[in-house]
Amino acid sequence: MRFVNGICLALIFGAGLTSVEAKDTILEPEGQPYTVKEDLKGSGKKDGEAAYDVSGIACILRDSGKRRCLVVNDEGRKAQFLTIDDRSIEPKKTINLIGKTPDPATRGAVFAGKQCPDKSPAKFKEFDGEGVAYAKPYFYVVGSHGCGRRKDTLSTSAMILARIRVDGQGKPDVEDDDEPEAAVETTYRLGEVLAGADRVGASFLESLTESNGLNIEGIAVVNDRLYAGLRAPAVDGEAFLVEADVDALFADGQGPYQGKRRTIPIKVGKDAGIRDLAALDGGRLLVLTGPAQEQPKVASKLFLFDPSKSGDPQLLGELDELDDAERAGKPEAVTAIGRNRVLVLFDSLRNGGARAYKVPAKLMSERDAVSD
């Protein structure tokens, strides 16, 4: 572990930080990883295979004080519910986001104005989930909306945005005789939004490895606005959010997107892209960043950003490197779990290797926070 350089965290909690002041703040995890009562469901074909590719999480606080969350892997067709209580995680049921074939009820249509570099016929395979958000009464889950990283192929199932209607306890809101999947709605329209977005639209369906192609790795929903956080493209030290109207994305029928769109640049540093987003009080966003591609010297950092205001994000600090045994873990998902605490999950670690971090900012109200 590295020590905090230049600033003592004990002196800055509760105070505002500028990017310059926070630049040397190293955020160290609190103790050991969370205890997971049983393995999260992996995206592999073998039953009982543990998850090593957790890529998104969002939570709500239940009356019991436990957090009810939804997580997604970056492969497979399912998401999984879980609860978080103090320092333990209890996996719950999975829910199918898509089937093995396209659903005719999916709103909008697959963007047809461009193909991935590999011109092979598009396939409908895994969801390729990359981000999860919650805004009452829905959990939202987004596919990568990019070409395949290995072969530059197009999978239309990765071009889907899904949402799950849930009740006040975070369970699928369905009639007694219905399956949980009855609460799921899907749309293709986010691809159309991305293709027409300023500054980043030209990168849609370009190669991720050869052309800084566009792909999503985080989402947040604030009121009626959805923010897609892009891992790439990253240009001149800026990463990008693409904003869209939720109601227009999920409007009935297969017609085109009829809402507004906006591209929002965020200064997060050279070669850095957005790895996850979480909505906070007052419309603010918690932004997790990391390498836009696979640049080894680009650190993972946490920022606060208000998309309704102009200006730079507030840097909260850089995530410390994990110990050697878990150095392969890459910070991939984040959610707030207290007034000044966040939970981070890692790609390539069993069950996400969840760890809590304290940050030098107030993230949520007392009412929405768990005891620190």
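User: Helices here are DSSP runs of H or I with at least four residues, and strands are runs of E with at least two. The model is predicted. How much of residues 124-294 is strand?

Analyst: An unreviewed UniProt entry places the feature "domain: DUF3616" at these residues. The end C-alpha atoms of the stretch are 27 Å apart. Helix takes up 6% of the stretch, and strand 42%.

User: Which strands stand at the edges of the five-stranded open sheet?

Analyst: The order is β2-β6-β5-β4-β3, with mixed pairing. An edge strand has a single partner, so one side of it is left without a neighbour in the sheet. That fits two strands: β2 (35-36) and β3 (54-61).

User: Which residue stands opposite Ile60?

Analyst: β3 pairs with β4 (residues 67-73) in the antiparallel sense, over seven bridges. Opposite Ile60, in β4, stands Arg68.

User: Which element gives the most to the lining of the second largest pocket?

Analyst: This pocket holds about 710 Å³ of space and is lined by 29 residues. Cys59 and Ile60 are among those nearest its centre. β3, β7, β11, β15 (272-279) and β19 (330-336) each give two or more residues to the lining. With five residues, the top contributor is β3.

User: How many residues make up the largest nonpolar core?

Analyst: Elements supplying at least two residues each include α3 (189-195), β11 (215-222) and β12 (225-235). Leu230, one of the residues with the most contacts inside the core, touches Leu194 and Ile216, among others. The core's residue count is 32.

How values were computed. Residues numbered from 1 in each chain as written. Predicted model: local features only at pLDDT ≥ 70, side-chain atom pairs only at ≥ 80, totals over all residues. Heavy atoms only, no water. Pairing = 2+ DSSP bridges. UniProt positions renumbered as here; feature names shortened; annotations may be inferred. Core = buried A, V, L, I, M, F, W, Y, C linked by side-chain atoms within 4.5 Å. Buried < 20%, exposed > 50% of the residue type's maximum accessible area, 1.4 Å probe, protein only. Contact = heavy atoms within 4.5 Å. 1 Å grid on protein atoms, 1.4 Å probe; cavity = no way out; pocket = protein on both sides within 12 Å on 5 of 7 lines; lining within 4 Å. Points joined across faces, edges and corners; volume = space filled by probe spheres on them. Lists of a residue's contacts leave out its neighbours within four places in sequence.
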